[in-house]
Amino acid sequence: MSVPGPSEAPVPVPGGPGGVSAAPVGPGAPGVPGPSRVPGISEAPTAPTASASPGGPAPIEVDPGQIRVQLLNGSGRPGLGQETDAALRTAGFVTTGLPADAPPPTALRTVIAFDPRWDRSARSLAVALPGAELRAVPGQGALMQVTLGADFAGVRAVRGPEPVPGQGPTSVKQEVVTGDRVVCGG
């Protein structure tokens with residue numbers, strides 16, 4: 001479960017009314033037979049490609065290009081780690097490009113392990129991996145570790161925050177100052 005910092009408000013993530021749901025939501029999850037019940041998620045469990053929801057990519061609070069991800073395939077489905085790594089890269093996340101197999105037994109749930117200092121990034125990644133459980137691991141660092149479980153249904157397309165007018169890098173005009181124009185005090 002994510003622990004928001006003092007200045008951060010929780011961002012709704014599919015599966016819960018005000019944050020991240022720990023309840024299973026996908027096929028293969030205990031007590032949830034059949035296809036996923038979360039809108040906008042592919043019902044085919046072998047489709048890890050990024051897919052847009054009917055309203056377009058889901059908004060997230062941290063730009064995906066600032067979120068580093070390591071994938072572990074614990075689903076028992078060969079090749080799913082590599083396919084999901086590529087789908088997350090397509091969605092804009094920075095992946096290690098080196099997914100690995102998680103140690104046995106097969107994971108039932110998809111889990112995002114994250115350092116609580118990067119909870120906004122973890123919540124943003126959770127939007128792209130609907131139904132994933134967030135697990136805080138103090139001291140883990142900036143790298144998010146995703147273990148794909150048997151419930152994994154695919155990567156959802158996301159879009160980062162909109163730039164605020166007047167606060168982006170294009171709003172500040174910087175002039176190059178050369179050595180012949182610098183006046184040093186003496």
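Which residues is Ile112 in contact with, leaving aside its neighbours within four places in sequence? Select Ile112 in this predicted model and display its surroundings. Its contacts beyond that range are Ala122, Leu125, Ala126, Leu129, Ala132, Glu133, Leu134, Arg135, Met144, Gln145 and Val146.

Next, widen the selection to the core. The largest nonpolar core has 27 residues, and those that touch the most other members are Ile112, Leu88, Phe93, Leu125 and Leu129. Colour strand E3 (68-73), H1, E6, H2 and strand E8 (143-148): each of these elements gives two or more residues to this core. H2 provides the largest share, 5 residues. In soluble globular proteins, nonpolar side chains tend to be buried together.

Now select helix H1, residues 80-90. Its buried residues are Leu80, Gly81, Thr84, Asp85, Ala87 and Leu88. They sit on the same side of H1, because the arc they cover around the axis is only 165 degrees. An α-helix has 3.6 residues a turn, so residues three or four places apart point the same way. Step past the end of the helix to Gly92, which lies just after H1 and has a positive phi of about 105 degrees.

Finish at Trp118, in the loop between strand E6 (111-114) and helix H2 (119-128). Is this residue buried or partly exposed? Trp118 is partly exposed, because its relative accessible area is 29%, and buried would require under 20%. Leaving aside neighbours within four places in sequence, Trp118 is in contact with Gly141, Ala142 and Met144. Add Leu143 to the view: its C-alpha atom is separated from that of Trp118 by 8.9 Å, and the two residues are 25 residues apart along the chain.

Note on methods
Residues are numbered from 1 along each chain as its sequence is written. This is a predicted model: local features need pLDDT of at least 70, side-chain atom pairs count only at pLDDT 80 or more; totals for chains, interfaces and linings use all residues. Side-chain values use heavy atoms; hydrogens and water are left out. Buried means under 20% relative accessible area, exposed over 50%, partly exposed in between (1.4 Å probe, protein chains only). Helices (H or I, at least four residues) and strands (E, at least two) are DSSP runs, numbered from the N terminus. The arc is that of the directions from the helix axis to the C-beta atoms. Contact means heavy atoms within 4.5 Å. A nonpolar core is a set of buried Ala, Val, Leu, Ile, Met, Phe, Trp, Tyr and Cys residues joined through side-chain atoms within 4.5 Å.
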